[in-house]
Amino acid sequence: MKKLGYTLLIFLAIGCQKDLLEKSPIVGVTEENFYNTEEDAIAAVNAAYAALQFELTPAGHFRWFWGDVMSDDSEKGGSGPNDVFELTQLEEFQGVTNGELLESEWKASYQGIYRANVVLENIPTIEMDETVKAQILGEAKTIRAWFYYNLVTIFGGVPLVDRVLAPSEFNMPRSSADEVWGLILQDLTEAITVLPTRSEYPPEDLGRITKGTAQALLAKSHLWQKNYAAAQQAAADLINSGEYSLTPNYGDIFSLNGENGPGSVFEIQYMQDSGGNWGENNQNEGSLTNVFQRARGQFEGFGFNVPTQDLVDAFFEENSVVEDPRLTYTVFREGDMMGDRGLFTKEATGGFPYDYYPRKYFSNKNEEASFGEPNTNGGSNDRVIRYADVLLMHAEASYHVGDEAAARQSLNQVRERARGVNPNILPDVTASGADLLDAIYHERRMELSMEGHRFFDLVRTGRATDELGALGYTEGVNNLFPIPQSQIQATNGAITQNPGY
Amino acid sequence: MRHLFLFLLINGLIINVSLAQMIVSGTITSSEDNLGVIGATVQVKDGTEGAITDIDGKYSLKVPDGNATLMISYIGMEAQEIPVSGRTQIDVLMQPSSSLLDEVIVVGYGTQKRSDISGAVSVVTAEEISSSPALRVEQALQGRTAGVQVAQNSGSPGAALSVRIRGTATLGNGDPLYIVDGIAVGGLDFLNPNDIESISVLKDGASTAIYGSRGANGVVLITTKGGTKGQPGEVTYTSYYGIQNPARKLNLLNAREYAIIQNESYIAAGRVPLAEFANPDALGEGTDWQDAIFQSAPITNHQLGFSGGSDKSTYTLTGNYFLQDGIIGGDKASFERYTARLNATHDVKDWLTVGNVLGFTNLTRDALVENNEFNSPLIRALNMDPVTPVKKADGTYAYSVYSDTDITNPVNAIEQTFDTWTTNRVVGAAFIEARPLRGLSIKSTYSIDATFAVKDVFRPIFDLSNDPVLSDAPAQEKSLVNTVAFENNNWRNWQWENIASWTETFRDKHNLTTIIGNTMLAARHDYNGGSNTNLPSNDPEDAYIGNTIDPIESQGTYQGATESALLSYFGRADYGFDDKYMASVTLRADGSSRFGENNRFGYFPSISAGWVINREEFFKFEPITFLKLRASWGQNGIDGAGSDYPFTSVVLPGQNYTFGPNETITNGSVALTAGNPDLKWETSVQTDIGIDVEFWSGKLNLTADYFVKTTKDMLYSVPIPFTAGTGPPVQNVATMNNKGWELALNYRDRVDGFRYDIGGNITFIKNEVTSLGKGGEPLVAGYIQSANSQSNRTDVGQAIGSFYGYVTDGLFQNAEEVAAHASQSENTAPGDIRFKDLNDDGIINAEDRTYIGSPIPDFTYGFTGNFEYKGVDLQLFLQGVYGNEIYNGTVRYDFIFVNRPASVLERWTGEGTSNSQPRVNINDPNQNARVSDRFIESGSFLRLKNVQIGYDLADILPANLKVQKIRLYLAAQNLLTFTKYSGLDPEIGNISDNSLELGIDRGFYPQARTILGGVQVTF
């Protein structure tokens, strides 16, 4: 029995490890234990900002893909037709529905919307400074509105996710475009009442969404819906706030020093010295736009978004002898020095036949990341909305409500800056009627080309068939891009395809 | 730390005490030759004492009293039980036997006589393992056991193998549970095959159910060698050295042919061919890039072992060194392993035994990029143009002026690779076993599996430019900044297991064994790493982050950890009546930390029964000496699907944004993946019916099984609509079926000193997905870059990961045929592939794809043959698979400049010239490279894995040298492969981390053909 006693001791020594199965994450915090403090609230809204930077989700979906490559301003470029073949298909309006670029745009937008929704759901109950709380909610609403603006202009009506979805809600069908616009307008209107103006933010918050950002986005949204009076009002509110002015020298806007300048209304922030990974859920703060848009060969880029002759010719439309000075800051021509990377010859680009390369997001060798991988760490901020854009929106809206004087005044402000030191070019516009409207349209192209606006401007103003018909554009079909086929499948058909695809 | 201390303490307990009542001695001789039997085991029945006969067949053994019974056994002889009856001298004559029925087999938490087993268990013995030099343990299972499919995940040294027991039965990790000496371990890379005594493969649900949540993919029980009580000390030394060579080379275009094809491709696309290719003949043969990367590589192994035992203790001590270089990359793809092992047991009291197993392993693996079509040296060698030389005139490496990204000079790429994994791993256990009452054993085992792995990566500066000032090489052929990176991974798993077992015989004929036990298991994985750029020195020896000159903030660093735990209770009752009827019942309850509290515990029952028909009175058929019917049913579970915390959403920092004039990186936090609080166990249910037949006392053995295995509630992160904005939660989704049968046959005999043993096995399995969760959308995987789409699809009614694509229908021979066929592409022209319009809608699009092949074989099989005559032995081992397909994705059709297989010379060049090889065109307007049956090839093969001839010198050496064995041998591995597959190697395992991506050859690192010679000495 002694033996049995000893043996039982062994068994008794087995501790009851009751907590053995209670394991909680070592890295990170469960959602139930987060969203308790002001610090948590700020971290939550910052994560929504991070989604603005997603350029690869997992494929590229740059704003300039849609705005520039799809338009008559530029063509795809790259190493040949097979380089990002889907972009070739999209550019030629071939109606590809199963592409990863469309899918990535869709995915990244909803990632941003999810993050904004997380903020809007979890922050209101946190005990914290109410002003800061209101500001954070305003930022989140504006970010949500921005992603829906992208979705509704690219895809039309989309599933209206205004909350964090439960698994049973994943197969949400599309709402109408009007319903999406409804949420956008509501979010922006509410955000404007609580967001600080640009000057009210402390310097360390430079880059945050401001009241001006929301106002400009509101103007854009109204303009798209042809609510001209409301668009004029929203633009005027921004103009009259005195927060913004045109950067005196057009050429400075796209330099690194010109980032967040006096005319910057909404810029997505990127920096070159962050190292790390890139893409979806990226941990770095750099942009790939720089390397994508640089010429190949000696310029060490991928050679995308190549400006067309049509665009370059447009800069000579007003004066066939003296070009619009903005051309120099928009396009590199053969024989130009490409910054500190050398002379632009076709041989130096690797023998590609392109006569032009885009300049606005060109980065010099000496501006490359001083450490880490330079390609994925381009430093150029994405100039999403500039003051000149707001002025031109104001001009367009004013024209449509019959206030031609106001239209001309805003338009001519932009031209005055563009004129630079040469008083003999780009005279003030004095036209009225349809000529005035044409002048405003022309000015938008000159001022904003290669910044991701052109395709949407053409669709919005009904000029796409005229300008893009030769490229394969069909009104009623190509004004919207196809819904990614994978999402129709993933929702078991709850999401339906756009007409014509 | 507390656990480690306890562990070391128990390991230190090797104390020598002896107590005995009387000593029995004698000689054991064989009736065959009347010589002493060396190494026979003499044991006291129901006791712990035992002895091994010496070189003259003599033994001496202490027995508790004169009423004890001796059990005498030796492989190949009939076992005997002899009552001592007070004698002190017992001589025994043993009769040869071919029967394996008395063989003791390791099963879950115990052992059973082979004849008593009612489940489906296969065994591989030490003899079989040592017969063919196995580089890794898994190879010892390959082709030798029915129902087990083993395939190399890569031919590179040190690469893992995929082991699938009765098919792929989960969407997650399909590896079986590996238990080494009772310790659940992750992977077998640490284990030296020479240390293994036996491997048992538990295949049916009833055998594995005792492992509950962990046994769904089958269980591989490995027992390492220990000494035997009373065994005289034995020294073994084994060694081999071999040379590996590539077995096959692909026939690719030479420079002249390449230029011809390029010119034609340009012209077809309406472009002007390159001027330098104007005269193809002038280019001659050009560079053979396969020759440039393939090489001979050595392989070597040394093992020294000591083992023995006294009447109270046993010990084994071994040391091993293994080195293998790669046939691509040489020492840049090498695997070096040192192992040391100490196994010991000791009887502290006659009722109390302590012991340990302890293995230490040091691994160093240098690895190249493998098995991807982007940047592996092999894919570069197969795709690099033959016009570019390996080196420039000045002796430095050349770059291709045609190549854009990905395809760079592979020789330089290998030279610039410095990727080293260094792993130290301790796997050990200490146990205390008490036998307080007759028939009752209580055992408590504490074990650890601790792995400390470091990955070091260095990317040096290099520039293949012709002109260093202009730096004219393309970006991918130069690296102007060097980078150093490291990662530490520490896995620390501890397990504490307590088992009580009780064996009793009632009224002579009723045998009952019951066990109950519990296990606590906790696993923790810590990881951290960092990287930085700009080392002043370009010497890999100086590649430490501390030497970089970049600012501290440029360091990429990370650290984290993850934990899981399992708490289990289990029990089993084995009942046997008169060795004629047997039944077994088990139940296991597992609690896993990976589920929320609501679904934490899973319960896994099983039942099995056997009937030995030949022992019935009515059975009179003499050639059959054993006939058993078996039937079993059992249930298992799976708790793992990636994350340790799938039941909750984890908010992670690092979703940063830049604010402020100084571009300050500011933290953002959000949950990137949705949790699933309702997650529950994945379960598999398996029914098995089997038969074991022995003819002529073991000359011929046959085992056959039919099984049906159904896995339901499979854990998988099913893709969800992107509108959710998060990564998909793990969900219980699909159901899958594996049905099949397996057969193993073995015939052994000896005729006048000629012994032979031939065997074969075959396994048929049909895999079918029977449901796919809510939406039921097929799951796609296997992205093929050159086709820009996915090739694998998992769908209801199909095998997992089936190939899905277009069906080709010859080539268009003329414009009329193009016009008459459904519209494929705007610029489709004669010479392009005609794809079938499966839905007859007049347009070829994604709707015209269908299932075009399966990566799962219809059957797998193996043959072994062993022949021995007067010390000369010959061994043959063949292995094969049949009926699976491979997607040959080794050509980068998405690039225009890459080299092609020589079959492109048979391309279409005009009406009637070819109906299979399409025209060439750099734009490929018809997308001839899309995923279609054009790239689906038969993956069937039969391979002579091993052929070996040996000679044992022991018999001709003077007896006073006391050498038991001194065998010299010569072996050839992978000598012959019969296959229609056009790639380098048809034996492709589960290369991808994604379990739904199967059978794609993205430039598989081929297995070598190895010729080696070795020696095995025992004295």
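A:A44 touches residues on both sides of a chain boundary: A:Y35, A:V118, A:V119, A:N122 and A:I123 in chain A, and B:S669 and B:V670 in chain B, leaving aside residues up to four places away in sequence. A:A44 is also, with A:V119 and A:V390, among the residues with the most contacts inside the largest nonpolar core, a set of 153 residues. All of this comes from a predicted model, so here is a friendly tour of what the coordinates show, from the cores outward.

**Nonpolar cores**

- Helix α6 of chain A, residues 130-155, gives the most to the core of 153 residues, supplying 13 of them.
- A second core, separate from that one, has 134 residues, including B:V106, B:L161, B:F604 and B:Y806.
- As background, nonpolar side chains in soluble globular proteins tend to be buried together.

**Where the chains meet**

- The contact between the two chains draws 67 residues from chain A and 69 residues from chain B.
- On the side of chain A that touches chain B, at least two residues each come from α1 (2-12), β1 (29-30), α2 (38-52), α5 (100-122) and α18 (485-490).
- Which element supplies the largest share of that side? α5(A) does, with eight residues.
- Sorted by class, the side of chain A that touches chain B holds 35 nonpolar, 22 polar and ten charged residues.

**A sheet that crosses the chains**

- An open, antiparallel sheet of three strands runs in the order β1(A)-β32(B)-β35(B).
- Its edge strands are β1 of chain A and β35 (670-671) of chain B, each of which pairs on one side only.
- β1(A) meets β32 of chain B, residues 650-652, through two bridges in the antiparallel sense, and there A:V29 stands opposite B:V651.
- β32(B) is also joined to β35(B) by two bridges, again antiparallel, with B:V651 facing B:A671.

**A sheet within chain B**

- Another open sheet of three strands has the order β51-β50-β54 in chain B, and its pairing is mixed.
- Because β51 (936-938) and β54 (1000-1001) of chain B are edge strands with a single partner each, one side of each has no neighbour in the sheet.
- The strands β50 (residues 885-888) and β54 of chain B run parallel and are joined by two bridges; within this pair, B:Y887 has B:I1000 as its bridge partner.

**Chain A as a whole**

- Chain A contains 18 helices and seven strands.
- What radius of gyration does chain A have, and how does it sit beside the value for a compact globule? Chain A has 26 Å, while a compact globule of 501 residues would have a value near 23 Å, which agrees.
- The C-alpha trace of chain A spans about 115 × 50 × 50 Å along its principal axes.
- Of the 501 residues in chain A, 54% count as buried.
- Among the contacts in chain A with a separation of 6 or more, 67% are between residues 24 or more positions apart.

**Helix α13 of chain A**

- For the 14 residues of α13(A), residues 387-400, a rise of 1.5 Å a residue gives an expected span of 20 Å; the end C-alpha atoms are 20 Å apart, so the two agree.
- Is this helix mostly covered or mostly uncovered? α13(A) is mostly covered, with 13 of its 14 residues buried.
- A:G402 follows α13(A) and has a positive phi, near 90 degrees.

**Backbone details to look at**

- For context, most residues other than glycine have a negative phi, and most peptide bonds are trans.
- The peptide bond joining A:T57 and A:P58 is cis, with omega about -5 degrees; A:P58 lies in the loop between α2 and α3 (63-69) of chain A.
- A:M450, which is not a glycine, has a positive phi near 65 degrees. A:M450 is found in the loop between α15 (434-448) and α16 (454-460) of chain A.
- Why does A:M450 count as buried? The cut-off is 20 or more other C-beta atoms within 10 Å, and A:M450 is buried because it has 24.
- B:Y109 likewise is not a glycine and has a positive phi, about 55 degrees. B:Y109 belongs to the loop between β8 (104-107) and β9 (110-113) of chain B, and B:Y109 counts as buried, with 22 C-beta neighbours inside 10 Å.

Key. Residues are numbered from 1 along each chain as its sequence is written. Chains are lettered from A and ligands numbered from 1 in the order in which they are written. This is a predicted model: local features need pLDDT of at least 70, side-chain atom pairs count only at pLDDT 80 or more; totals for chains, interfaces and linings use all residues. Two residues are in contact if their C-beta atoms, placed from the backbone, lie within 7 Å. Helices (H or I, at least four residues) and strands (E, at least two) are DSSP runs, numbered from the N terminus. Ala, Val, Leu, Ile, Met, Phe, Trp, Tyr, Cys and Pro count as nonpolar, Asp, Glu, Lys and Arg as charged, and the others, Gly among them, as polar. Two strands pair if DSSP finds at least two bridges between them. The radius of gyration is taken over C-alpha atoms; the globule rule is 2.2 Å times the number of residues to the power 0.38. A residue is buried if 20 or more other C-beta atoms lie within 10 Å of its own, exposed if 12 or fewer, and partly exposed in between; C-beta atoms are placed from the backbone. The expected span of a helix is 1.5 Å times one less than its number of residues. A nonpolar core is a set of buried Ala, Val, Leu, Ile, Met, Phe, Trp, Tyr and Cys residues joined through C-beta atoms within 7 Å.
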